[in-house]
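I opened the notebook to look up two bound sites. My notes follow the structure.

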Amino acid sequence: MDLLLDFFGRLITQFQSPALAFLIGGMLLAACGSKLQIPDAIYKFCVFMLLMRIGLQGGLEIRQADLGEMLLPAVIAFVVGCAIVLVGRFTLARLPGVRTEDGIATAGLFGAVSASTLAAAMVMLEEQEVGFEAWVPALYPFMDIPALILAILLANMYFARTEGGKRARVHAGAIILDSLRGSALSALLLGLLLGLLTNTERVFEGFYDPLFRGFLSILMLTMGMEAWTRLSELRRVAHWYVVYGAFAPLVHGLIAFGLGTIAHYMTGFSPGGVVLLAVMAGSSSDISGPPTLRAAIPSANPSSYIGASTSIGTPVAIAIGIPLYIALAEAVFGL
Amino acid sequence: MDLLLDFFGRLITQFQSPALAFLIGGMLLAACGSKLQIPDAIYKFCVFMLLMRIGLQGGLEIRQADLGEMLLPAVIAFVVGCAIVLVGRFTLARLPGVRTEDGIATAGLFGAVSASTLAAAMVMLEEQEVGFEAWVPALYPFMDIPALILAILLANMYFARTEGGKRARVHAGAIILDSLRGSALSALLLGLLLGLLTNTERVFEGFYDPLFRGFLSILMLTMGMEAWTRLSELRRVAHWYVVYGAFAPLVHGLIAFGLGTIAHYMTGFSPGGVVLLAVMAGSSSDISGPPTLRAAIPSANPSSYIGASTSIGTPVAIAIGIPLYIALAEAVFGL
Amino acid sequence: MDLLLDFFGRLITQFQSPALAFLIGGMLLAACGSKLQIPDAIYKFCVFMLLMRIGLQGGLEIRQADLGEMLLPAVIAFVVGCAIVLVGRFTLARLPGVRTEDGIATAGLFGAVSASTLAAAMVMLEEQEVGFEAWVPALYPFMDIPALILAILLANMYFARTEGGKRARVHAGAIILDSLRGSALSALLLGLLLGLLTNTERVFEGFYDPLFRGFLSILMLTMGMEAWTRLSELRRVAHWYVVYGAFAPLVHGLIAFGLGTIAHYMTGFSPGGVVLLAVMAGSSSDISGPPTLRAAIPSANPSSYIGASTSIGTPVAIAIGIPLYIALAEAVFGL
Amino acid sequence: MDHHKASKVVIITEKIIVEKVAKLIENAGARGYTITPAGGKGSRGVRSTNRANVVDEFSNVKIEVITGSKDAANRIADDVAEQFFDHYSGITYLEEVEILRPDKF
Amino acid sequence: MDHHKASKVVIITEKIIVEKVAKLIENAGARGYTITPAGGKGSRGVRSTNRANVVDEFSNVKIEVITGSKDAANRIADDVAEQFFDHYSGITYLEEVEILRPDKF
Amino acid sequence: MDHHKASKVVIITEKIIVEKVAKLIENAGARGYTITPAGGKGSRGVRSTNRANVVDEFSNVKIEVITGSKDAANRIADDVAEQFFDHYSGITYLEEVEILRPDKF
Ligand SMILES: Nc1ncnc2c1ncn2[C@@H]1O[C@H](COP(=O)(O)O)[C@@H](O)[C@H]1O
Ligand SMILES: Nc1ncnc2c1ncn2[C@@H]1O[C@H](COP(=O)(O)O)[C@@H](O)[C@H]1O
Ligand SMILES: Nc1ncnc2c1ncn2[C@@H]1O[C@H](COP(=O)(O)O)[C@@H](O)[C@H]1O
Ligand code: NA
Ligand code: NA
Ligand code: NA
């Protein structure tokens, strides 16, 4: 009982975090019909700044890291990414009123990872002074890419069965390349490389790192406005997407949290790392996932999966998921 | 005599302020035909940064403020906003060569408030270490909205009389909502709210506050270029707009300064607050005022009111008005 | 021998500089087909920030400078700018497969100066704590403008001869004005003026100076991507452009380094100044040069000169030239 | 596929009234429209597209409507001109086009 | 100069498939095309041009192809509609134009 | 309202010469023009609209001129092609349109 009270106390403090505040502020603005707009160039710049900062920091710190430790968490990331898609395939995609391909695409998007959500979680962990291994952000592609590939594969298997025709081959290599070339992953990987190999400390410490929080706040504002604006698209699709969008992030996050906790006890994976793993699982891709799915499963209706993710999944993943995992970590690992 | 010399000494120091320097620099660039352009996305971003910073600061500091003190200055702001429009209606709008509706729209724009001018004044007060109450920027809407509504009302009364037809109803509620939803006021109010309710200190101190001056300098540069570029539009309208644009800001500012001084002696309204009140009165709206007036008084010629405001009124309000009120405050309140 | 080893040791350290790292990172991204894009508004903003910072710093420091010292380096800058164009006219432009006007335009572009390259060199000198006179960046127009004018003049002389017709007059005044009005030079000169005449220390120290490195890194990234993307244009022009693009920057830089060294022994021109003079000579104009040449020599094929400069010349000037001159300066002046 | 005649109405006007024009178009029964950013020069001066406009709302847009009914097209052009072009700058004109799927327009 | 009749195909569709459409156009033998940013409203909802789209790839483009061969024009219009408009939103239509240099198109 | 035939000249060319083309249009007696940002591909390679162009001046624009005089339209098309298209990339074509207020064009 005491534990529970303590837990809710911690949870409530998290809600005052500026990242959440700006997210909710953005929703509020859109709800009130504000004409404020963040220009697209600024939005893209914010995303670039965050990913470059995350990448550079990872690269700079990975130099001293023992990458062997990364193995188990990477396997977990892979397993979780695939599991999310499989679960979505056999629950959401089978519900009445949900077209199978739409359900599969949605599961793929929720299995993939949002860099912005990850960035928000990193800021909140830093605020709480909860540490994590330098290589944790590099787990991103291990969860993101398999989820997208599996979803595309499942969609093609479904088409092959229903249309009776010959099964379209899924070019996993092409999809992997496409993901790595996407603006999100390529900025992250470039940052990692630069941080690892070159003298980027000064530009990291004097520019990317101090401006990180600020640009994140603008990004959260934009995402909040977008979430609200796209709510209307959900009206045109089945209600199940709302249900999935509301609960799936937390279920996914808690599964990853559980597996991460096992890794903690087995190999000493840090509590902060467990939280970030849960955040990745709970997030749904906002930058590179949608166009990848749109191109690979063109018959899936984007209103369903983008609506479910942008308008419901992402706000839930950030505003409820992150505080929840941090509070859980504090309770479980006694931070 | 000594007092006057002292006053001019202070006035001259103000002119080296970077905000003014960049404003004049922008005019110079445009006058020389420079091809330098500040992209629209950057301009919008600068405006957002300033308003968010002003709002957050207000919100953060208002927590300790005694809002009762705000009452009298808010009433003054309201009265000044309306007075400016009425004076304009019965002077400018009656001059030969000035179409009545153009004159009314111009008076409305000069009664409304420019957030950029306010920001410039705040920086200059901070440079001089002149303090003001945290809630002063929140006086903005109390002057801005009534001025716009009154102008629209007067225009419709005029149309009703001249066209003899039935008087078009002015939907004050709709105009208030429209103003609050404008990008300027909604960013300011969101900032206030976030500052008041959430833990935004770190992002304020690490991002919005330190970058404030820099983005203001870019904004001033842009406004200077715009002022010069639009000068040509004034050629097509009556000369009276030039006269009004040159003198009205200072007259309005001095009226507000006077009323503010009374509030100073009655309720201890701070000298910095008096200056900012004068600055608001002297400024003319550059972001949300023009589209509001354009939509509500479509027959008014935008070249007249935008020309008078952007090309003459705003440079005068910033480059002469702000230094004047600060020097006055130093002389009157013995700072 | 020892000296040579020492020199190569220094050279290699330079390669880890963040400016180079981001440049090469950009080329890598483009080579891998990354979809990352830096929005045009952000690119323009980065350029503005760098030029304003260089200008302001120059202006602020020039106040204490002895401008008499500037005379000899300015003459050298002028001579080098013209020499580069003349050499290009009588080598590159006479090669088989190279159209004369294309060769002349290319020589003009390589004689002109790149502000971004200059900014990168300034950051690298600051990292090495190698000082230079405050007025060195102000040498820029003394090399840039004469080179462009001379190229346009030579092109017209060539047309007059070949087409037998009357020689089109070159309006040197118009070209000078056009150069000064270009976005690069006008931002630089405005910065100088503001730094010299107004109280811009705080905005310089709190905004333009600290953000300089960061925006430079983004600019270098963009230039790297652009360099790779435009490589394909070179396929359509003679191979000599590749050869010229690869060697001319270093030859030009070393000539300027030599003349600068003479000035060092004659009038005490600083080693850092010598390096920057060499960098200017080795760089080729990327912002204002191309449109100026395009307008003034319309028959020259832009693929040749822009390809040679953007894809080969600039990467060589930055990635090999700057480290080379710094290492040379360390060896020669015993820093 | 069979091709069918249809009409295109083009409206070039100030961005600030784009929503009102869109409503007018929908009320006239058209099924869609396309908007492009535009600058230009007409009787009321030059407008630019991508300068930092302190009063950006005043830049232009080009709105195109394809409709199968020549009547609807005429009505849109006439109504826009009547309702807006006294106070806002703008022009409108019509073109003939060929469409593929007449049921869509 | 002499003027010659030619056809213009206009395709308004989602930005995300612009490269595929461009390939289709080139395969049909056209010598060039022009792309303009566009927003709009059709049967599948409103798209905007310059809001910060978190999923910006979904905004529209307008692609115009001038070609001297009416056949090529028809083929492009038909093929685009068949291949893409089941799954992506978009419209296509044709216009008659007059060109100056028939060898260029 | 009555409708009247008029001509539209379209010029797609490099942004860098837009001012010169505008002057040519005004000298030909046209009362206005509309400019839209454009990218595209022609005989001289691909141009893009919103990448960070280090040499941004080279992206394209589409300029449209409506004029009541078919002669003026022809002259504009011919002159632009003659004066600029040797050295700058670009195309030009004409269309027929219907206008409402013939005095305006
Ligand atoms: N003759 C014309 N041809 C093409 N566009 C025009 C013409 N006249 C006006 N426009 C466009 O319509 C807008 C408004 O015109 P106006 O109301 O005459 O100022 C201008 O900014 C141009 O974009
Ligand atoms: N009737 C129409 N007139 C002009 N543009 C249209 C029309 N219908 C659709 N469009 C354009 O084509 C795009 C896709 O249409 P749709 O596939 O119907 O959603 C829309 O976003 C509009 O830009
Ligand atoms: N066949 C075509 N159809 C449409 N636009 C074209 C065509 N050919 C060229 N263009 C446009 O005209 C520009 C210049 O063409 P060019 O001079 O052939 O490089 C291109 O970038 C395209 O925007
Ligand atoms: Na996920
Ligand atoms: Na005012
Ligand atoms: Na040079």
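These entries cover a metal site and then a ligand site.

**Entry: sodium ion**

I noted at the start that this is a predicted model. I looked up what holds the sodium ion (ligand 5). I found backbone-type O donors listed for B:Phe110, B:Gly111, B:Ala112, B:Met280, B:Ala281 and B:Ser283, at 2.4 to 3.2 Å. I checked the geometry next. The six donor atoms subtend angles of 64 to 167 degrees, so I logged the arrangement as irregular. I then read the donor spacing in sequence as F-G-A-x167-M-A-x1-S. The pair B:Ala112 and B:Met280 links distant parts of the chain, 168 residues apart. I placed B:Ala112 in the loop between α5 (100-111) and α6 (115-127) of chain B, and B:Met280 in helix α12 (residues 271-282) of chain B. B:Ala112 is at 0% relative accessibility, so I entered it as buried. I entered B:Met280 as buried too, because its relative accessibility is 0%.

**Entry: ligand 1**

I found 19 residues around ligand 1, with D:Ser43, D:Asn60, D:Gly90, F:Thr34 and F:Lys104 the closest. They come from chains D and F, so the site is shared between chains. I looked up polar contacts. A polar side-chain atom of D:Asn60 is 2.8 Å from an oxygen atom of ligand 1. A polar backbone atom of D:Gly90 also lies 2.8 Å from an oxygen atom of the ligand. A nitrogen atom of ligand 1 sits 2.9 Å from a polar backbone atom of F:Ile66. Taken alone, ligand 1 exposes 480 Å², and the protein buries 100% of that. I noted β2(D) as the element that gives the most to the shell, with four residues. By class, I recorded six nonpolar, nine polar and four charged residues in the shell.

Methods
Residues numbered from 1 in each chain as written. Chains lettered and ligands numbered in written order. Predicted model: local features only at pLDDT ≥ 70, side-chain atom pairs only at ≥ 80, totals over all residues. Heavy atoms only, no water. Donors = N, O, S within 2.8 Å, 3.2 Å for Na, K, Ca; no water. Tetrahedral: all angles 85-135°; square planar, octahedral: opposite > 155°, others 65-115°. Helix = DSSP H or I, 4+ residues; strand = E, 2+ residues; numbered from the N terminus. Buried < 20%, exposed > 50% of the residue type's maximum accessible area, 1.4 Å probe, protein only. Near = heavy atom within 4 Å. Polar contact = N/O pair within 3.5 Å; in protein donor to acceptor, adjacent residues only side chain to side chain. Areas by Shrake-Rupley, 256 points an atom, 1.4 Å probe, with all protein chains shown as cover. Nonpolar A, V, L, I, M, F, W, Y, C, P; charged D, E, K, R; others polar.
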